[in-house]
Amino acid sequence: MTNETWGSMRQELIASVGRNNFANWIEPLELDALEDGVATFRVTSPFVGDWVSRNYGDAILNVINKSGRPAERLVFEVGPRREPAAAAASAHGAPANGVSANGTPAEVTPSHGPAGARASSDRAAPAVLRGEADDLPGPDLDDRFTFDSFVVGKPNELAHAAARRVAEGGDVTFNPLFLYGGVGLGKTHLMHAIAWELRRRQPDLRVVYLSAEQFMYRFIQALRERQMIDFKQLFRSVDVLMVDDVQFIAGKDSTQEEFFHTFNALVDQRSQIILSADRAPGEIEKMESRIVSRMQSGLVVDLHPTTYELRLGILQQKAERFRPQFRDIRLADGVLEFLAHRITSNVRVLEGALMRLFAMGSLVGREVTIDMTQECLVDILRQSDRKTTIDEIQRKVCDHYNIRISDLVGPKRTRIFARPRQIAMYLCKQMTQRSLPEIGRKFGGRDHTTILHGVKKIEELRGKDSQIAEDLEMLRRALEA
Ligand code: ADP
Ligand code: MG
């Protein structure tokens with residue numbers, strides 16, 4: 001049987017497992033081999049194999065058997081697809097190369113009741129799921145993520161203020177605090193900062209920080225080891241519970257269910273809950289509505305994308321912090337500004353760029369110039385080049401000169417339209433990858449020679465007309481922000 005056959009066969013499972021579960025667990029499975037009654041599937045993590053074998057093993061065996069290919073056993077292997085020969089070897093139980101340390105295959109045989117299934121998957125439990133079951137999740141806090149090192153600006157001031165307020169402890173004013181925003185904008189940083197601060201102020205407080213993924217691991221582990229009571233007691237005994245990236249549990253029905261109960265119990269006993277996600281509660285797909293409304297019942301604040309000023313502030317602070325490590329480094333004027341302009345994606349990328357720049361600077365032992373920066377960071381700069389569009393440029397230029405788009409691209413030749421038009425042409429040539437004919441088409445179907453003439457004209461004026469030079473600089477900033 002091939003993976004394709006399996007692909008069509010598995011559709012049958014939709015009815016028995018439900019659409020959500022099917023999409024989460026069954027669809028991603030790839031069949032590697034079906035030989036000697038052993039079906040070998042490739043999965044992305046030990047956890048997935050374990051979960052699937054526990055919950056859907058019997059159903060999967062059923063559909064395979066129904067197809068006329070006898071199967072008695074399922075094997076789940078972690079990692080990239082291996083050569084057929086190796087796959088066959090492991091199907092017989094021989095350890096195969098390329099299986100990661102915690103990639104012990106999870107196996108399942110047809111069970112005649114839940115006990116059998118549990119026994120066989122217990123044996124195969126990936127090491128990663130084993131932890132100190134009766135301990136609170138460890139103090140897995142990054143010591144760089146404190147309030148001291150968090151730079152506050154317009155985009156994050158509300159989130160920061162709310163985090164501060166919660167970190168001061170005392171009476172719970174908003175529960176839960178829900179922080180959301182795109183990747184690398186500081187959600188995890190703020191949560192760790194809260195935890196540090198709470199610990200500092202109230203060492204006896206039971207503060208737990210964990211990712212939603214870890215919450216799920218622990219939950220599954222408790223289920224498997226039949227320690228649900230311990231699990232419940234553990235999570236209900238905390239004073240402050242922080243769960244990072246809760247969007248992760250969307251679509252994971254039983255984890256959501258448990259999360260909901262934990263959540264309610266904690267709110268009832270007035271423990272503080274702090275959650276983060278990559279989007280607003282109502283926008284998380286496949287999240288149960290009763291959980292969504294619980295999440296919305298406290299304070300929901302978002303971290304906005306960074307601005308130029310915030311990025312510059314962060315760079316200046318990080319540069320200071322790197323200094324002790326890189327004593328002799330000298331940055332030319334404008335290097336940090338250049339980075340803040342050009343790297344707009346997220347703070348993590350910004351930090352990585354600065355780190356690399358410092359490392360290079362200390363190697364070459366000369367002042368780091370903008371040219372060197374450009375060379376050193378060529379890949380990062382290329383990646384984060386914002387794709388400025390012709391439309392955007394036209395709009396900004398029109399706003400700036402207070403004219404209409406129809407006049408900008410239209411035929412009128414008077415100076416008040418012609419000059420902004422040439423400036424827009426120039427910026428299109430400089431800031432986009434579009435060819436002259438393409439730009440021409442967006443300017444009312446003008447010929448490429450007309451565009452070239454406009455570009456040349458502005459290049460010439462830029463050197464002698466300071467007003468034009470200033471306008472260009474302002475427009476460029478606005479477009480890069
Ligand atoms: P998220 O959890 O939102 O994806 P992180 O909190 O992991 O983002 O932040 C990514 C990196 O950027 C971290 O190293 C963090 O310290 C840094 N960072 C983000 N925002 C700020 C800020 N306002 N001030 C200082 N560092 C920041
Ligand atoms: Mg994070």
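The following paragraphs describe the sheet, the salt bridges, the nonpolar cores and the aromatic pairs of a predicted model.

Five strands form an open sheet in the order β6-β7-β8-β5-β9, and their pairing is parallel. Strands β6 (207-211) and β9 (299-303) occupy the edges, where each has a single partner strand, so that one side of each remains without a neighbour in the sheet. From one strand to the next, the twist averages 15°. At one of these edges, β9 pairs with strand β5 (residues 177-181) in the parallel sense, and five bridges connect the two. Within this pairing, leucine 177 is found opposite leucine 299 of β9.

Helices pack against this sheet. Helix α7 (residues 157-167) lies across β5, β8 (272-277) and β9, and the direction in which α7 runs makes an angle of about 135° with β9. Helix α9 (residues 212-224) also packs on the sheet, where it touches β6 and β7 (240-244), and the angle between the direction of α9 and that of β6 is about 95°.

Across the whole structure, a search identifies 20 salt bridges. In one of them, glutamate 30 is joined to arginine 42, with a distance of 3.1 Å between the closest N and O atoms. Because glutamate 30 belongs to strand β1 (residues 30-35) and arginine 42 to strand β2 (residues 38-43), this salt bridge ties together parts of the chain that are 12 residues apart in sequence. Glutamate 30 is partly exposed, its relative accessible area being 28%, whereas arginine 42 has a relative accessibility of 17% and therefore counts as buried, the limit for that class being under 20%.

A further salt bridge brings together the side chains of arginine 279 and aspartate 278, with an N to O distance of 3.0 Å. Arginine 279 is partly exposed at a relative accessible area of 33%, and aspartate 278 is likewise partly exposed, with a value of 26%.

Lysine 464 and glutamate 460 form another salt bridge, in which the closest N and O atoms are 3.3 Å apart. Both residues lie in helix α22 (residues 448-464), and because they are four residues apart there, about one helical turn separates them. Lysine 464 is exposed, with a relative accessible area of 61%, while glutamate 460, at 44% relative accessibility, counts as partly exposed. Elsewhere, salt bridges with shared partners connect Glu30, Asp32 and Arg42 in one network, which includes the pair of glutamate 30 and arginine 42 described above.

Turning to the nonpolar interior, the largest core comprises 60 residues, and those that make the most contacts inside it are Trp6, Phe41, Ile60, Ile64, Phe259, Leu275 and Met295. Helix α4 (residues 46-66) supplies the largest share of this core, namely eight residues. Another core lies apart from it and contains 27 residues, including Ile329, Phe338, Leu350 and Phe358.

Aromatic pairs number 11 in a search of the whole structure. For phenylalanine 219 and phenylalanine 231, the ring centres are 5.9 Å apart and the planes meet at 55°, so this pair is classed as tilted. Phenylalanine 219 lies in helix α9 and phenylalanine 231 in helix α10 (residues 228-236), and the pair thereby links distant parts of the chain, 12 residues apart. Both rings belong to buried residues, phenylalanine 219 having a relative accessible area of 4% and phenylalanine 231 one of 5%.

The pair of phenylalanine 322 and phenylalanine 358 is, by contrast, edge-to-face, with 5.4 Å from centre to centre and 75° between the planes. Since phenylalanine 322 is part of helix α13 (residues 308-322) and phenylalanine 358 part of helix α15 (residues 347-364), the pair ties together parts that are 36 residues apart in sequence. Phenylalanine 322 and phenylalanine 358 are both buried, and Phe358 is also among the residues of the 27-residue core.

Ring pairs additionally link Phe215, Phe219, Phe231, Phe235, Phe259 and Phe263 into a cluster. One member of this cluster, Phe259, is also listed among the residues with the most contacts inside the largest nonpolar core, and another, Phe219, lies in helix α9, the helix that touches β6 and β7 of the sheet.

Terms used
Residues numbered from 1 in each chain as written. Chains lettered and ligands numbered in written order. Predicted model: local features only at pLDDT ≥ 70, side-chain atom pairs only at ≥ 80, totals over all residues. Heavy atoms only, no water. Pairing = 2+ DSSP bridges. Axes fitted to C-alpha atoms, helices over the stretch in contact; angles between N-to-C directions. Contact = heavy atoms within 4.5 Å. Salt bridge = Lys/Arg side-chain N within 4 Å of Asp/Glu carboxyl O. Buried < 20%, exposed > 50% of the residue type's maximum accessible area, 1.4 Å probe, protein only. Core = buried A, V, L, I, M, F, W, Y, C linked by side-chain atoms within 4.5 Å. Phe/Tyr/Trp six-rings, centres within 6.5 Å; stacked < 30°, edge-to-face > 60°.
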